[in-house]
Amino acid sequence: VQLQACGGGLVQAGGSLRLSCAVSGNIFRVNNMGWYRQAPGKQRDLVATITSDSATNYADSVKGRFTISRDNAKNTMYLQMNSLKPEDTAVYYCNFKNYRSMNLRPSEYWGQGTQVTVSS
């Protein structure tokens with residue numbers, strides 16, 4: 001399984017960006033996709049996740065501003081980021097958990113990261 005993320009960039013505070021992450025390879029029916037971010041000197045934190053049934057979960061810091069979605073036909077996940085703040089500046093990583101069986105731990109994969117910089 002391979003992940004290819006894109007869509008980062010530089011934007012002013014209050015602006016918007018849309019990230020995408022395309023997944024290729026042997027994808028099982030049950031899988032979870034997610035976005036994480038890591039600011040300089042900080043740990044990697046959860047931003048949002050979405051299951052294969054499109055159930056979503058968001059970090060409190062992005063609720064109401066970010067929207068995660070997926071297109072199962074294209075095996076692609078998106079993160080629409082609105083009302084961006086300087087504290088959203090980080091490298092954003094896409095994550096994929098592939099469940100061969102619900103009785104087993106999933107295989108986990110990471111994308112290469114894309115930089116998002118929000119200027120004040």
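**Figure 1. The buried cysteines 21 and 94 in the predicted model.** Both cysteine 21 and cysteine 94 are buried in this predicted model. The two residues form a disulfide, with 2.3 Å between their sulfur atoms. This link joins distant parts of the chain, since cysteine 21 belongs to strand β3 (residues 17-24) and cysteine 94 to strand β9 (residues 90-99), 73 residues apart. About the S-S bond the torsion is about 60°, and the disulfide is therefore right-handed. The structure holds one disulfide.

**Figure 2. Cysteine 6, a residue in no disulfide.** The nearest cysteine sulfur to that of cysteine 6 belongs to cysteine 21 and is 8.6 Å away. A disulfide requires two cysteine sulfur atoms within 2.5 Å. Cysteine 6 has a relative accessibility of 42% and so counts as partly exposed, whereas cysteine 21 is buried.

**Figure 3. Surroundings of threonine 76 in strand β8.** Strand β8 covers residues 76-81, and threonine 76 is found in it. Because its relative accessibility is 10%, threonine 76 counts as buried; the cut-off for this class is under 20%. A polar atom of the threonine 76 side chain lies 2.9 Å from the backbone oxygen of lysine 74. When neighbours within four places in sequence are left aside, threonine 76 is in contact with Ser20, Cys21, Ala22, Met33, Ser69, Arg70 and Asp71. One of these contacts, Cys21, is also a partner in the disulfide with cysteine 94.

**Figure 4. Surroundings of asparagine 98 in strand β9.** Strand β9 holds asparagine 98 as well as cysteine 94 of the disulfide. With a relative accessibility of 2%, asparagine 98 counts as buried. Its side chain reaches the backbone oxygen of asparagine 26 at 2.8 Å. Asparagine 26 is also among the residues that asparagine 98 touches, residues up to four places away in sequence not being counted. The other residues touched are Val1, Ile27, Phe28, Val30, Asn31, Pro106, Ser107 and Tyr109. Between the C-alpha atoms of asparagine 98 and threonine 51 the separation is 10 Å, and the two residues are 47 residues apart along the chain.

**Figure 5. Threonine 67 in strand β7.** Strand β7 comprises residues 66-71 and includes threonine 67. The relative accessible area of threonine 67 is 42%, so this residue is partly exposed. Threonine 76, by contrast, is buried at 10% relative accessibility. Apart from residues up to four places away in sequence, threonine 67 touches Tyr58, Tyr78, Leu79 and Gln80. The C-alpha atom of threonine 67 is separated by 8.0 Å from that of tyrosine 78, which lies 11 residues away along the chain.

**Figure 6. The largest pocket and its lining.** The largest pocket contains about 170 Å³ of space. It is lined by 15 residues, of which Arg37, Ala39, Lys42, Asp45 and Glu87 are the closest to its centre. By character, the lining divides into six nonpolar, four polar and five charged residues. Strands β4 (30-38) and β5 (44-51) each supply at least two lining residues. The most comes from β5, which gives three residues to the lining.

Notes:
Residues are numbered from 1 along each chain as its sequence is written. This is a predicted model: local features need pLDDT of at least 70, side-chain atom pairs count only at pLDDT 80 or more; totals for chains, interfaces and linings use all residues. Side-chain values use heavy atoms; hydrogens and water are left out. On a 1 Å grid over the protein atoms alone, a cavity is a set of points where a 1.4 Å probe fits but cannot get out, and a pocket is an open set with protein on both sides within 12 Å along at least five of seven lines; lining residues have an atom within 4 Å of a point. Grid points are joined across faces, edges and corners, and a volume is the space filled by probe spheres set on the points. Helices (H or I, at least four residues) and strands (E, at least two) are DSSP runs, numbered from the N terminus. Ala, Val, Leu, Ile, Met, Phe, Trp, Tyr, Cys and Pro count as nonpolar, Asp, Glu, Lys and Arg as charged, and the others, Gly among them, as polar. Buried means under 20% relative accessible area, exposed over 50%, partly exposed in between (1.4 Å probe, protein chains only). A polar contact is a pair of N or O atoms within 3.5 Å; within protein, one must be able to donate a hydrogen and the other to accept it, and residues adjacent in sequence count only if both atoms are side-chain atoms. Contact means heavy atoms within 4.5 Å.
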